[in-house]
Amino acid sequence: MSKLVVLIGSVRKNGNTDRLAKAFVDGAKLHNKVTVISVADYLIRPCVGCNACVREENQPCVQKDDMQKIYPVLAEADIIVAASPVYFYGISAQLKALVDRLHTPMRNTFRVKKLGLLLVAASPLPTVFDSIHVQYRLILDYFKLDSIGSVLVQEVREKGDIQNHPALQEAYELGKSIQ
């Protein structure tokens with residue numbers, strides 16, 4: 001049994017990203033402990049690049065916001081899955097703020113070994129996910145992590161467009177496959 005953390009980067013509750021993540025979580029819960037962190041529920045300020053966390057050993061981030069609640073949860077995760085809508089060929093600003101706040105040596109104490117990716121885009125362009133995939137691969141390579149896989153959904157714009165989409169079953173099966 002693994003400990004999974006699913007980071008949902010959409011602020012639109014019960015939207016397409018939430019629904020895709022829920023399908024994944026429903027499958028993953030069959031064999032794992034799953035914690036869901038929705039950025040919409042937290043105040044996460046962007047990294048200010050002060051490097052205080054780097055200059056002094058064991059120095060926590062100088063910003064006092066909800067990341068203090070999120071760091072311990074991420075530190076215990078075996079697998080982290082990022083779920084995000086795609087805006088201008090990138091993950092949401094809210095999720096990016098969380099990711100950037102992992103620019104701390106504290107992340108080297110995390111036990112995470114695997115990552116996963118769930119993305120939803122309105123665009124039908126075949127390259128819509130490319131820039132996110134590049135970042136994902138770089139993170140995997142830099143931290144020597146394995147990928148559990150990804151589910152990428154295109155042409156879903158309005159809230160609920162993903163309903164009955166085959167990607168929901170694909171996300172469920174991906175979650176279910178983690179043991």
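# Q&A on a predicted model

User: This is a predicted model, so let's start with Tyr 71. Which helix is Tyr 71 in?

Analyst: Tyr 71 has a place in a helix, not in a loop. The helix in question is α3.

User: Is Tyr 71 buried or exposed?

Analyst: The relative accessibility of Tyr 71 comes out at 4%. The cut-off for buried is under 20%. Because 4% falls in that range, Tyr 71 counts as buried.

User: Which residues does Tyr 71 touch, leaving out those up to four places away in sequence?

Analyst: Tyr 71 sits in α3, with a relative accessibility of 4%. With residues up to four places away in sequence set aside, its partners are Cys 61, Arg 101, Leu 102, Thr 104, Met 106 and Phe 110.

User: How far apart are the C-alpha atoms of Tyr 71 and Pro 124?

Analyst: Along the chain, Tyr 71 and Pro 124 are 53 residues apart. In space, their C-alpha atoms are separated by 35 Å.

User: On to charges. How many salt bridges does the structure hold?

Analyst: Side chains of opposite charge can pair when their charged atoms come close. In this structure, the number of salt bridges is eight.

User: Lys 3 and Glu 76 make one of them. How many residues apart in sequence are the parts that this pair ties together?

Analyst: The N to O distance between the two side chains is 4.0 Å. Lys 3 is in strand β1 (residues 3-8), while Glu 76 is in the loop between α3 (67-75) and β3. Because the partners sit in those two places, the pair ties together parts whose separation in sequence is 73 residues.

User: Are Lys 3 and Glu 76 buried, exposed or partly exposed?

Analyst: Lys 3 has a relative accessible area of 30%, and Glu 76 has 39% relative accessibility. The class between under 20% and over 50% is partly exposed. Lys 3 therefore falls in that class, and Glu 76 also counts as partly exposed.

User: What is the distance between the closest N and O atoms in the salt bridge of Lys 13 with Asp 41?

Analyst: Lys 13 and Asp 41 pair up through a salt bridge, with their closest N and O atoms 3.0 Å apart. This pair links distant parts of the chain, 28 residues apart: Lys 13 is in the loop between β1 and α1, and Asp 41 in the loop between β2 (33-38) and α2 (52-55). So the value you want for the closest N and O atoms is 3.0 Å.

User: Asp 78 and Arg 111 also meet in a salt bridge. Which of the two counts as buried?

Analyst: The N to O distance in this pair is 3.1 Å. Arg 111, at 34% relative accessibility, counts as partly exposed. At 18%, the residue that counts as buried is Asp 78.

User: Which residues do salt bridges with shared partners join into one network?

Analyst: Two of the pairs here are Lys 3 with Glu 76 and Asp 78 with Arg 111. Asp 78 lies in the loop between α3 and β3, and Arg 111 in the loop between α4 and β4 (114-120), so that pair ties together parts 33 residues apart in sequence. Through shared partners, the members of one network are Lys 3, Glu 76, Asp 78 and Arg 111.

User: Now the helices. At roughly what angle do the axes of α1 and α6 cross?

Analyst: Two packed helices are described by the angle between their axes and the distance between the axes. Here α1 covers residues 16-28 and α6 covers residues 166-176, and their axes come within 6 Å. The crossing is right-handed. Among the residues making the contact are Leu 20 and Phe 24 of α1 and Leu 168 and Tyr 172 of α6, and the axes cross at roughly 35 degrees.

User: Which residues make the nonpolar surface patch of about 510 Å²?

Analyst: One member, Tyr 89, lies in the loop between β3 (79-85) and α4 (93-100). Tyr 89 is partly exposed, with a relative accessible area of 41%. The full set for the patch is Tyr 87, Phe 88, Tyr 89 and Leu 125.

User: What is phi of Tyr 89 near?

Analyst: Tyr 89 is a residue other than glycine, yet its phi is positive. The value is near 70 degrees.

User: And where is Asn 164, which has a positive phi of about 70 degrees?

Analyst: Asn 164 is not a glycine either. With a relative accessible area of 72%, Asn 164 is exposed. Its place is the loop between β5 (146-153) and α6.

Key: Residues are numbered from 1 along each chain as its sequence is written. This is a predicted model: local features need pLDDT of at least 70, side-chain atom pairs count only at pLDDT 80 or more; totals for chains, interfaces and linings use all residues. Side-chain values use heavy atoms; hydrogens and water are left out. Patches are made of residues with over 30% relative accessible area and no salt bridge: like charges are joined within 9 Å, nonpolar side chains (Val, Leu, Ile, Met, Phe, Trp, Tyr) within 5 Å. Accessible areas come from the Shrake-Rupley method with a 1.4 Å probe; for residues, only the protein chains shown count as cover. Helices (H or I, at least four residues) and strands (E, at least two) are DSSP runs, numbered from the N terminus. Buried means under 20% relative accessible area, exposed over 50%, partly exposed in between (1.4 Å probe, protein chains only). Axes are lines fitted to C-alpha atoms, for helices over the stretch in contact, and angles run from 0 to 180 degrees between N-to-C directions. A crossing is left-handed if the near helix is turned anticlockwise from the far one by less than a right angle, and right-handed if clockwise. Contact means heavy atoms within 4.5 Å.
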